[in-house]
Amino acid sequence: MDPSRIHDAFPAPDYRGAQEQALDDVRAAFEAGNDVVLVRAPTGSGKSLLARAIAGCARQANVDDPTKPVGAYYTTPQVSQLDDVAADPLLSDLSIVRGKGNYKCILPGETDTPVNRAPCVRETDFDCQVKHRCPYFSDREIAANRAIAAMTLAYFMQTAGSDVFGQRDVVVIDEAHGLGTWAEMYATVELGPDTVPVWDEVTPPEIGDLDDAAARAVIRQAFEQSAATHALVAEDHPNVRDVVTDLGYRVIGETWLRETTGVPLARVRRLEAEVATVEAGLRFGEAAVDADECHDVTLPARLVETARGIDQDATLEAIHDRSVAYVTDQGGSRPAERVVLAAGSDSEELVEALADVLRQRYDAVERDGDDLVARETVFYPERAATLGVPEGPKFGRLAAGETVEVDGQSIPPEAVSETREDRFSCR
Ligand code: SF4
């Protein structure tokens with residue numbers, strides 16, 4: 001970066017308050033060789049304009065060394081802050097891209113579907129013919145090709161440095177308090193020769209033969225050098241499990257490892273503390289990575305039970321696709337009523353997805369205030385027999401809703417069937 005550009009990159013025509021002094025201090029801090037500079041300024045002092053000025057110091061394509069990263073990321077943990085940036089004409093050259101959940105698909109029949117649940121996400125190898133016009137992918141493309149790409153911190157953590165955005169010269173984090181927690185949610189520890197003991201050189205004795213002191217030392221060293229907090233221990237090493245637990249680390253099973261892969265560890269910890277442990281049936285849904293904040297709700301028990309009875313796999317999929325996490329039993333195969341949803345979403349969408357499962361069996365399912373009303377037509381063969389309908393094809397046609405002729409007389413399906421109504425309270 002070139003800190004000498006900082007005043008030229010300030011987007012307002014005049015300085016307010018201490019902005020000019022702040023920029024001088026920031027410039028001096030960078031010129032002194034600091035890679036990271038923290039600016040503390042009070043609310044309303046125009047921090048975003050300072051952020052724009054700092055981002056403007058990034059190496060520029062066509063000006064600086066083309067082999068080095070160019071451009072800047074502007075990122076903030078607060079969605080509302082991104083809205084403020086979007087509304088500020090002085091920050092119009094910050095190209096904003098948001099998470100997929102903020103955009104709607106444009107395919108016919110999918111215009112109410114958020115991009116994170118659109119066909120291109122749902123279906124493997126889906127080849128969207130209008131991807132070039134898709135609002136999400138358009139914004140992403142524009143942001144990726146502009147000097148300053150603006151995004152939430154959650155989006156940044158998942159995409160910065162990717163093939164799409166590449167490496168950039170400067171990162172400005174607006175509203176950076178709480179950054180440590182954010183970093184913990186997205187940090188990855190790579191195990192390698194530099195972070196764990198090189199076992200071939202250390203030639204440790206068989207773990208099972210270690211006396212307690214040696215076992216503790218080796219295991220403690222492994223944890224400390226890898227910065228790991230969990231261990232997967234084979235069942236045939238109960239002494240190792242004991243030592244790991246005794247050292248204050250957590251022994252996890254293969255289910256825990258499989259179910260939490262890709263989910264920020266801080267979120268796993270929180271939901272295991274607040275909802276249920278993975279061992280007790282907690283599972284993480286498709287919204288587990290995108291969600292910044294979440295809340296848990298209880299779905300109508302009878303609705304879940306009925307949907308499960310119709311199609312347990314479809315019920316599980318409906319909940320899995322729309323939730324941050326959910327409680328199950330029967331080894332994770334049977335969803336229960338308790339689910340965790342992303343902040344800002346309620347259970348309505350989930351109830352509608354469960355209504356779709358009900359539609360596999362019922363003739364009609366619709367909302368009636370707080371209730372979900374399911375109707376089905378029930379055929380009574382004994383009534384058909386009383387009316388003289390012979391068993392055979394005419395029974396089948398009547399059951400399928402057709403009128404049949406018997407001895408010159410028309411028998412409509414209503415004469416041998418009734419509509420049964422089932423109500424599910426969704427309050
Ligand atoms: S890429 Fe196509 S399928 Fe995917 S969200 Fe955009 S318009 Fe819909």
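Biologist: What makes strand 2 and strand 3 a pair?

Modeller: Two strands pair if DSSP finds at least two bridges between them, and strand 2 (residues 95–96) has two parallel bridges with strand 3, so they qualify. One puts Ile96 with Ala150. Strands here are DSSP E runs of at least two residues, helices H or I runs of at least four, each numbered from the N terminus. This is a predicted model, where local features need pLDDT of at least 70, side-chain atom pairs need 80 or more, and totals for chains, interfaces and linings use all residues. Residues are numbered from 1 along each chain as its sequence is written.

Biologist: How do you know that strand 1 pairs with strand 3?

Modeller: Strand 1 (residues 72–76) shares five bridges with strand 3, also in the parallel sense. Tyr74 sits opposite Ala150.

Biologist: Why is strand 3 called mostly covered?

Modeller: Five of its five residues, 148–152, are buried, meaning 20 or more other C-beta atoms (placed from the backbone) within 10 Å of their own (exposed is 12 or fewer, partly exposed in between). Ile148, Ala150 and Thr152 point one way, Ala149 and Met151 the other.

Biologist: Why are helix 13 and helix 15 called oblique?

Modeller: Their axes cross at roughly 40 degrees and come within 9 Å. Axes are lines fitted to C-alpha atoms over the stretch in contact, with angles from 0 to 180 degrees between N-to-C directions. Under 35 degrees is roughly parallel, over 145 roughly antiparallel, 65 to 115 roughly perpendicular, and the rest oblique. The two helices are therefore oblique to each other.
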